[in-house]
Amino acid sequence: MRRMAMSMLRALPVQAPTTRHVQAVRTPILAVGGLSPVNSSRSAYAGIATFRNGNSLRSTVASGPWPGRLGRKSLSVSSAAATDVQEETHEYQAEVHRMMDMIVNSLYSNREVFLRELVSNGSDALDKMRFEGLTDRSAFETGEELEMRIKGDSEKHTITIEDTGIGMTKEELLDSLGTIARSGTAKFAERVKETKGDAQLIGQFGVGFYSSFLVADKVTVQSKSNGSDKQWLWESASGSHSYKVKEDDSGEPLKRGTRVTLHLKEDACELADEKKLGELIKQYSEFIQFPIRLWTTKSEQEKVPDEEATKRKQESADAKAKEEGKETADPVEPVTRTVSKSTEAWQVQNDSKPLWTRSPREVSKDEYDAFFKQTFKEFLEPLTTSHFNVEGTIEFTAMLFVPGMAPFEQQDAMARSRNIKLFVKRVFISDEFDEDLMPRYLSFIKGIVDSSDLPLNVSREILQESRVVRVIKRQLVKRSLDMLTEIAKRPAEGNKKSDYSTFWESFGRNLKLGCIEDQGNRKVLAELLRFPSSKSEDDMTSLKDYVSRMKEGQKDVFYMAADSLDAASSAPFVERLVQRDYEVLYLTEPIDEVAIQNLAEYDDKKFVDVSREGIDLGADDQDTKKTEEQVEQLKSLTEYMAKVLGDKVEKVVVSQRLADSPCALVTSKFGYSANMERIMKTQAMGDNRAMEYMRGRRTLEVNPDHPVISSLKGRFDEHGDSDSNAQAMTELLYETSLLTSGFSVDSPKDFAKRIYGMMSGLSSGIGASASGQPRKQKQSTPAVDPEILGADTQNDPWKQ
């Protein structure tokens, strides 16, 4: 859009006008007084123009806000209006009019920013007036109040924005409101620098005066400057080819300053409502240093005398007095009634003070807490605050907060957070630049950034990528991590949880995400990680504490990934490790394993997954010799089991890590672990082909000391390959190891059939084979009644 606008400007023909009217070229790129990609300086007015002096057209070179683009190629005009003409009509050239229409209708995506732009203009004018008053006290003879007043009229469908700033003369109106590419504020700042004044008093922000045409059919500007004894009026309509300038005879005099009146479009009439105006002021201009007063209506309850009720009360009292023989009763107390009374008054809307403009030493903790709650609509105090200023080639001020709790909508935690509010000279710009100023994993950090060096586009709705943004982002990340490190060092008080435990419960997953996405800060983030472990019981342990408890000679950090703490602590892979007093970290969240894999190591100690092959338990010579003997003893059995299982496993080996379980399935060093395979299966948009490619090779490890393995070996030694029960037991061992190792069973139906067969056999007392088929019964002899010797069978009473 900007390039198109610039190309249209370059293509404008320089030709003599065809009318006697003074002609001006005007377009609404007013937005920025210093529109360089790095610096946005602000003024309400900027421009180029041409004028006719007699029969000749004179053009002069003007220095514009874009040196090398528009600056010296722009045309400037000096208005040569005749003194005897009260009203002058200035026409636009057709090309400029088309460009103005394009910018007004396409530049801004949110039309409500018109109030921000006009309030910013007023703030600039007040800034200039304040500086003029510092150098010349007589400038305040027309009034010392520096303020803005905004009034909406729902009946007339108008909004009026008035300031007591420096105002404009007729020539300044022509130069500023009908021109492009020249910044009044920028020129004023240059003049201040030439006189060695304080240029920081000037609000060098963007403006966009013509954003008012987003909501208005017609705009009138009344202005009175100390440099002129006359008040002037500028007027233009949306879509018009011209604007008018004349001496203001409306009967609404200004002592000094500017009054902008917007005649709203039909679809924008709701903006004249005082509540809506108050919301926009609070949103965009809450921290403007000059008071912004809004014309508001209040409804108050008031007690007023009720004459009729008082009269009736008096008559009743008189009648009672006559009955008592008195002429009249004493005057009764007047009766009152409550009525609702509407009052109108100017009410200040920007009471909040911009704490970030003050020195951190001057701000108390209570002030930080109150500001945090009010600005970010929180009800808990922040865990910590960081308030700092960065000075140098890039200058900005920031305040960052760590919230005391996570938002309730945790499912949207990684969505656009709107937690970083961007200001330029205390004027709110946007809260949609989180991704530009903060990495995703720190999206929970809330804060404010105020800088005039930010490279915003003309409408200030897009933050352009540049070195400035990268520097600010780097500083914000560093300060955020410093805050978290400080919280982590705080000790717990009594039986209460530590502040970091509270933080970790809410935002621990964010830091794990940082280990994946932020390679440059992984060392800092590693110090902040917390995990449950086999020795930490209910508490979390840090990696630093884990390393401090490592056994002598231990080279690796062991971890077990599962879907719950119980599943991890009862996994067969950790049995021998826990027996030998090795500590194992339990990774129970889906993101844990990926985060640890990205860290790879901590303090020169590599992370080792105990569910994978090749784990080193530091066995001595005696253990090694014993293992070799067991491998030799079970060689025929392991080869048989590998033959039965086929391509379900890569191999069957004797295990060194099992203690209580008969067997377990371990995965290869590369590829998905059982935990990762489970996670990937649950992905809605998962790719089955990639799943098969990344699946790790499986190895069945058997425990040579377990009774089940000993029983299977005995059966195999007795019957060899022909024993169907040995084959069924092997398959059942494989399927149970799938479950205990974190995998899912390939055929739940076959697995259930084997279990049901065993249960059926046990319940009938007959027993069952491992294949699920009942064992064959031996043929039994028929039962006979016992004969009792010497008994009298004929007289036996029990048989009668």
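This passage walks through a four-stranded sheet and the helix that lies across it. The model is a predicted one, so to speak of the sheet is to speak of a prediction.

Strands in a sheet hook up through backbone hydrogen bonds, and they can do so in a parallel or an antiparallel way. Here the sheet is open, its pairing is mixed, and its four strands line up as β22-β21-β24-β23. The strands at the edges are β22 (584-587) and β23, each of which has a pairing partner on one side only.

Starting from the β22 edge, β21 and β22 run parallel and are joined by four bridges. One spot to look for is alanine 561, whose bridge partner in β22 is leucine 587. On to the next pair: β21 (residues 556-561) also teams up with β24 (residues 605-609), again in the parallel sense and over four bridges. There, phenylalanine 558 sits opposite valine 608 of β24.

The other edge is where the antiparallel pairing comes in. Strand β23 (residues 601-602) runs antiparallel to β24, and two bridges join them. Glutamate 601 has lysine 606 in β24 as its bridge partner. These two strands make a hairpin with two residues between them, and in that hairpin aspartate 603 takes a positive phi near 55°.

Finally, there is a helix to fit into the picture. Helix α16, covering residues 592-599, lies across β21, β22, β23 and β24. Its direction makes an angle of about 160° with β21.

Note on methods:
Residues numbered from 1 in each chain as written. Predicted model: local features only at pLDDT ≥ 70, side-chain atom pairs only at ≥ 80, totals over all residues. Heavy atoms only, no water. Pairing = 2+ DSSP bridges. Contact = heavy atoms within 4.5 Å. Axes fitted to C-alpha atoms, helices over the stretch in contact; angles between N-to-C directions.
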